[in-house]
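Please work through the exercises below with the sequence and the coordinates open beside you, and try each task before reading its solution.

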Amino acid sequence: MKKFLKLSFGLSPIAVVIFAYLLAGFYKFQIPYIDKGSLGEFNVALYSAILMLLVNLLQYFLIPSTIIELEFSSQKGVYNSLEIISCPFISDIATVYFYIKLTGNPKKLRDKKLKLFLPPDVTAQSIPDFSDYYSLDNDGNSLEIDMSKFFNNNRSTFLEKEGKEIAFNVIKSKEDINGLISSELNKERRVSFTANKLRLTR
């Protein structure tokens, strides 16, 4: 849907010109002090401006300007477009890697909290190198990630797919594990959140 919208808005200037000519042929505004010979061109330009304004308003409301992307992996630095990533345990421990990419106005991203919920019979354990980026609940069943940790909070310029890879360990308390890590974001209008899934397996 997002790709369709972007393609549609990308082609909108062509559609605007066509519809502007059609509308100018259907009805012409009679503007005083404009020469009759130039009235047709003026109406095309006027309709084009009105239509572009409508397109820009639609684009503003339909396409989010703030985007948070979450990608899971079972290997450091290795990411792909799979919808579900499999992460096996080595003995009783598995390491989950994920990359967060941020696009948009830093002001809209500072208060965003991303939560990861683990399946039953496993608990999360922080890794010292990355522990500043997230906090664990008391039972180790979920993580909360603060988006403001990923960029300078004094920054005012637009972020363009900027982020960082972080990781945590998962310890199982049962021999056979087969469950998904789910994610949830406190978001608002015009904030888009996309994420793949990670399946913990025996």
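The exercises that follow concern a predicted model, and they go from the whole chain to one helix.

**Exercise 1.** Determine what radius of gyration the protein chain has, and set it against the value for a compact globule of 202 residues.

*Solution.* Begin with the reference value, which for a compact globule of 202 residues lies near 17 Å, whereas the protein chain has 25 Å. Next, take the extents of the C-alpha trace along its principal axes, which are about 85 × 35 × 25 Å. Finally, turn to the surface: the accessible area of the protein chain is about 12400 Å², with 57% of that area belonging to carbon and sulfur atoms, and 36% of the 202 residues count as buried.

**Exercise 2.** State how many helices and strands the protein chain has, and what share of its contacts between residues at least 6 apart in sequence joins residues at least 24 apart.

*Solution.* Counting the secondary structure elements gives four helices and eleven strands. Of the contacts between residues at least 6 apart in sequence, 75% join residues at least 24 apart.

**Exercise 3.** For helix H2, compare the reach with the expected span, and work out why its buried residues lie on the same side.

*Solution.* Helix H2 runs over residues 12–26, and its 15 residues reach 21 Å from the first C-alpha to the last, close to the 21 Å expected at 1.5 Å a residue. With burial taken as under 20% relative accessible area, the buried residues of H2 are Ser12, Val16, Ala20 and Ala24. These residues cover an arc of only 100 degrees around the axis, and therefore sit on the same side of H2. On the face turned away from that buried side, H2 carries the exposed residues Ile14, Tyr21, Leu22, Gly25 and Phe26.

Terms used. Residues are numbered from 1 along each chain as its sequence is written. This is a predicted model: local features need pLDDT of at least 70, side-chain atom pairs count only at pLDDT 80 or more; totals for chains, interfaces and linings use all residues. Side-chain values use heavy atoms; hydrogens and water are left out. Helices (H or I, at least four residues) and strands (E, at least two) are DSSP runs, numbered from the N terminus. The expected span of a helix is 1.5 Å times one less than its number of residues. Buried means under 20% relative accessible area, exposed over 50%, partly exposed in between (1.4 Å probe, protein chains only). The arc is that of the directions from the helix axis to the C-beta atoms. The radius of gyration is taken over C-alpha atoms; the globule rule is 2.2 Å times the number of residues to the power 0.38. Contact means heavy atoms within 4.5 Å. Accessible areas come from the Shrake-Rupley method with a 1.4 Å probe; for residues, only the protein chains shown count as cover.
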